[in-house]
Each structure stands twice: as C-alpha cells, then as structure tokens.
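Here are my notes on the model, set out as numbered points. Please read them with the sequence and the coordinates open.

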Amino acid sequence: MRTVICDLFGIEHPVIQGGMAWLGTAELVSAVSNGGGLGIIGAGNAPPSWVREQIRATRERTDRPFGVNIMLMSPFVEEVMEVILEEGVPIVTTGGGNPGVYISRFKEAGIKVMPVVSSVALAKRLERSGADALVAEGMESGGHIGETTTMALVPQVVDSVAIPVVAAGGIGDGRGLAAAFSLGAQGVQMGTRFVCAEECIVHANYKRKLIEARDRATMVSGYSTGHPVRCVENRMTRQFLALEKAGASVEELERFGQGKLELAALEGDVEDGSVMAGQICGLIKEVKPAAAIIKEIVEEAESIISKLNRSYIGVAHG
Ligand code: TUI
C-alpha cells in the first residue's frame with residue numbers, strides 16, 4: 001500500500017505516529033519506524049537536551065526515517081529547532097500553532113516539514129510557506145485540538161492544497177485508514193492507538209485507562225483559555241471544568257493544568273493527571289507491539305478497499 005507519503009518520507013506504509021509529548025520517546029518511535037511506519041519524537045515542552053538524547057537513542061534503535069514534533073507553545077521552540085538542525089533529523093512535524101516563520105530554515109537544511117493544521121486557512125498559508133505535506137487533524141483527536149471534525153476537515157483541506165494530506169483524529173484501525181483514503185488523504189497519523197503499543201513507555205495505568213474507556217469517555221476542557229484539550233474524563237477534568245465555570249482566569253487555569261500530563265503519563269496518576277486521548281480510545285481493546293498495530297491496520301484497509309471495489313464496480317465511479 002504505497003502512497004506519495006511513503007515516497008516523500010521513504011517509509012513502507014502510510015501510517016504515522018503522532019508526536020506525543022512524554023509518550024513519543026525513542027522506544028515507541030523506533031518501534032513504529034522499524035514496523036514500516038513513521039515514528040515521531042514528541043518534543044512537547046521538553047528541554048533541548050532531552051530532545052537531543054531522544055534523537056540519538058532513536059538512531060541507536062533504527063536506521064529508518066523518523067521525525068520530531070515541535071510543539072509551538074513550548075518555551076524551548078528555538079532551542080529545539082537548533083537541536084533538530086544540528087542532529088540532521090530528516091522530518092519535522094509541528095503542532096499547537098503556526099510554524100510559518102520556521103519552515104524556510106528547515107527547508108534550507110533539506111528537512112521535510114509536515115505541519116499539523118486544524119483549518120483550511122492555515123493549510124493554504126503553510127503550503128505557500130513551503131510545507132511538504134500537511135496533517136489535517138480533526139477535533140476527535142486527543143490533546144490540543146481545533147474545532148472541525150476529521151470527516152469535514154480532511155476533504156476541505158485536500159481540495160484547498162496541492163501537497164499531500166495526512167488525516168488524523170478518530171483513526172484507530174483499517175476502517176479509519178480506508179476512510180481517510182476515501183476523503184482524499186494519502187495516509188493517516190494516529191496518536192491514541194500507539195499509546196497502547198507495547199513499546200510506549202507511558203505508565204501502565206494510562207494504557208489501562210484507555211483500554212477501559214468507551215466511546216464517550218473523553219471530554220474537552222480549556223475552551224475559555226483558547227487552548228481546548230481533549231482528555232479522558234476524570235477528577236482532574238471535572239475540577240478544571242468547575243474552575244472554568246467559576247470564571248477562573250487563564251493564568252489560574254494554566255497553572256492548574258501545569259505538569260498534569262507528566263503526572264498521568266509518568267507517575268500513573270490517572271485521576272488527578274491529564275489522560276490526553278482521542279475519541280477513538282473506545283475502540284482499543286489490547287496492548288500490542290507497534291509493528292503488529294501497523295500490519296493489522298494496513299491489511300484491514302487493503303481488505304476493505306478490495307471488497308469495496310468488488311461491491312461497487314460500475315456504481316461509484318463508473
Ligand atoms: O498539537 C497538537 N496536540 C497537542 S500539543 C499538546 S502539549 C499540551 N500540553 C498541555 C496543554 C496543552 C497542550 C497536546 N496535544 N495537535 C496539533 C494541532 N495543532 N492541533 C491543532 C493545532 C493548531 C492550533 C492552532 C495548529 C495551528 C494553530 O494555529 C493558530 C494560528 O496561529 O493560526
């Protein structure tokens with residue numbers, strides 16, 4: 001199942017692992033890349049020294065392409081950029097903001113850039129700035145999100161740009177990959193599904209929380225701060241919402257939210273920590289190796305596409 005995304009990044013399957021803060025470490029990234037997908041280190045708010053260590057640790061574990069996600073709200077954006085340039089990382093994705101001003105520096109260094117967008121307007125702007133591809137991320141995703149669903153966003157982004165588009169948000173199996181192709185995307189990016197990869201170093205409580213989660217397990221808080229975030233509902237999200245309803249200031253809310261992802265991801269406190277996850281968490285039933293996740297998804301999508309071909313020959317597109 002090759003697409004232009006495979007050719008662009010030099011990977012086998014058009015399956016990309018979302019660059020998740022704290023969770024996208026060398027262990028998961030190398031397992032995804034060794035499985036034929038594209039693993040992405042999540043720089044999050046981490047200091048540049050941590051990002052450098054993760055890049056080097058990934059290289060020790062795989063010869064295949066991998067990327068780094070720069071979180072544009074991080075206080076270390078500039079320093080993390082320098083590390084990426086110094087270490088010669090082949091692929092960069094960005095999230096949480098507009099990376100327009102940074103793209104040319106990556107391009108000059110021969111680095112492929114694929115920003116994550118949640119709107120058509122930013123998609124068009126970043127194509128003009130020189131992005132190689134885009135991830136169109138719907139509000140079904142975990143973590144920091146936009147306002148449009150994957151189903152509505154992806155075809156509109158696809159129609160508004162000439163560069164390849166990867167779909168993200170609400171995708172967790174081969175049905176999602178086949179659907180993404182139908183919407184005009186050339187690949188998928190999945191975060192939540194890879195949290196439950198064996199190689200993901202997240203605390204076992206976090207994985208268990210996702211496996212126990214059902215379709216309506218997640219909720220969005222933080223609309224009043226301008227940074228809405230989707231998490232599994234727990235004591236932390238209820239307290240956050242109560243503070244929001246009581247009219248707490250953005251500073252108060254941001255202070256309350258600080259360190260909460262780390263608390264859940266590393267310490268396993270899934271009641272008072274932020275269990276960021278997408279709406280597809282209800283679909284995840286087991287922990288398995290990243291390579292098995294990729295293989296299963298690709299095979300399921302291939303089977304669906306061939307069945308659709310047989311059922312609809314002469315109907316859908318003549
Ligand atoms: O970045 C994400 N998801 C994230 S980042 C993150 S780290 C975090 N930790 C604690 C609190 C908050 C965040 C967790 N999840 N996804 C990519 C993404 N980017 N989704 C939406 C956007 C986005 C939003 C606004 C991209 C650009 C943008 O631009 C605004 C503008 O200037 O036009």
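1. In which order do the strands of the open sheet of three strands lie, and is their pairing parallel or antiparallel? The order is S7-S11-S10, and the pairing is antiparallel. The edge positions are taken by strand S7 (143-144) and strand S10 (218-221), each of which pairs on one side only. This, like everything that follows, is read from a predicted model.

2. The two pairings within that sheet can be followed residue by residue. S7 and strand S11 (residues 229-232) are joined in the antiparallel sense over two bridges, and His144 stands opposite Val229 in S11. On the other side, S10 and S11 run antiparallel and are joined by four bridges, with Arg230 of S11 as the bridge partner of Val220. Although S10 is an edge strand, both of its faces are covered, since Thr218 and Val220 on one side, and Met219 and Ser221 on the other, are all buried.

3. The ligand site deserves to be read together with the sheet, as His144 appears in both descriptions. The ligand is surrounded by 14 residues, of which the closest are Gly96, Gly97, Leu122, Glu137 and His144. By class, this shell divides into six nonpolar residues, seven polar ones and one charged.

4. Three polar approaches to nitrogen atoms of the ligand can be listed. A polar backbone atom of Gly96 is 2.9 Å from a nitrogen atom of the ligand, and a backbone N or O atom of His144 likewise lies 2.9 Å from a nitrogen atom of the ligand. In the case of Glu137 it is the side chain that takes part, with an N or O atom 3.0 Å from a nitrogen atom of the ligand. Taken alone, the ligand exposes 720 Å², and the protein buries 71% of that area.

5. A separate set of pairings, parallel in sense, centres on strand S9 (residues 187-190). Strand S1 (residues 15-17) pairs with S9 in the parallel sense over three bridges, and the bridge partner of Gln17 in S9 is Met190. Strand S8 (residues 165-168) also pairs with S9 in the parallel sense over three bridges, where Ala168 has Gln189 as its bridge partner. From S8 the chain crosses through helix H8 (residues 174-182) to S9, and this β-α-β crossover is right-handed. Within S9 the side chains alternate, so to speak, in that Gly187 and Gln189 point one way and Val188 and Met190 the other, and all are buried.

6. The helix of that crossover offers a long-range relation along the chain. Ala179 is placed in helix H8, and its C-alpha atom is separated by 9.4 Å from that of Ile305, 126 residues apart along the chain. Ala179 counts as partly exposed because its relative accessibility is 36%, which lies between the limits of 20% and 50%.

7. Two further helical positions may be set beside this one. Val83, in helix H4 (residues 77-87), counts as buried because its relative accessibility is 2%, and its C-alpha atom is separated by 9.2 Å from that of Ile55, 28 residues apart along the chain. Tyr102, in helix H5 (residues 100-108), also counts as buried, because its value of 18% falls under the 20% limit. The C-alpha atoms of Tyr102 and Val113, 11 residues apart in sequence, are 9.7 Å apart in space.

8. Is Lys288 buried or exposed? Lys288 sits in the loop between helix H13 (260-267) and helix H14 (290-312), and it counts as buried because its relative accessibility is 11%. The side chain of Lys288 is joined to that of Glu286 by a polar contact of 3.2 Å.

9. A last point concerns backbone geometry, where I would ask the reader to look at Trp22 in the loop between S1 and helix H2 (26-34). The phi of Trp22 is near 70°, a positive value in a residue other than glycine. Most residues other than glycine have a negative phi. Trp22 counts as partly exposed because its relative accessibility is 32%.

Notes
Residues are numbered from 1 along each chain as its sequence is written. This is a predicted model: local features need pLDDT of at least 70, side-chain atom pairs count only at pLDDT 80 or more; totals for chains, interfaces and linings use all residues. Side-chain values use heavy atoms; hydrogens and water are left out. Buried means under 20% relative accessible area, exposed over 50%, partly exposed in between (1.4 Å probe, protein chains only). Two strands pair if DSSP finds at least two bridges between them. A crossover is right-handed if, with the strands pointing away from the viewer, the path from the first strand over the helix to the second runs clockwise. A residue is near a molecule or strand if one of its heavy atoms lies within 4 Å of it. A polar contact is a pair of N or O atoms within 3.5 Å; within protein, one must be able to donate a hydrogen and the other to accept it, and residues adjacent in sequence count only if both atoms are side-chain atoms. Accessible areas come from the Shrake-Rupley method with a 1.4 Å probe; for residues, only the protein chains shown count as cover. Ala, Val, Leu, Ile, Met, Phe, Trp, Tyr, Cys and Pro count as nonpolar, Asp, Glu, Lys and Arg as charged, and the others, Gly among them, as polar.
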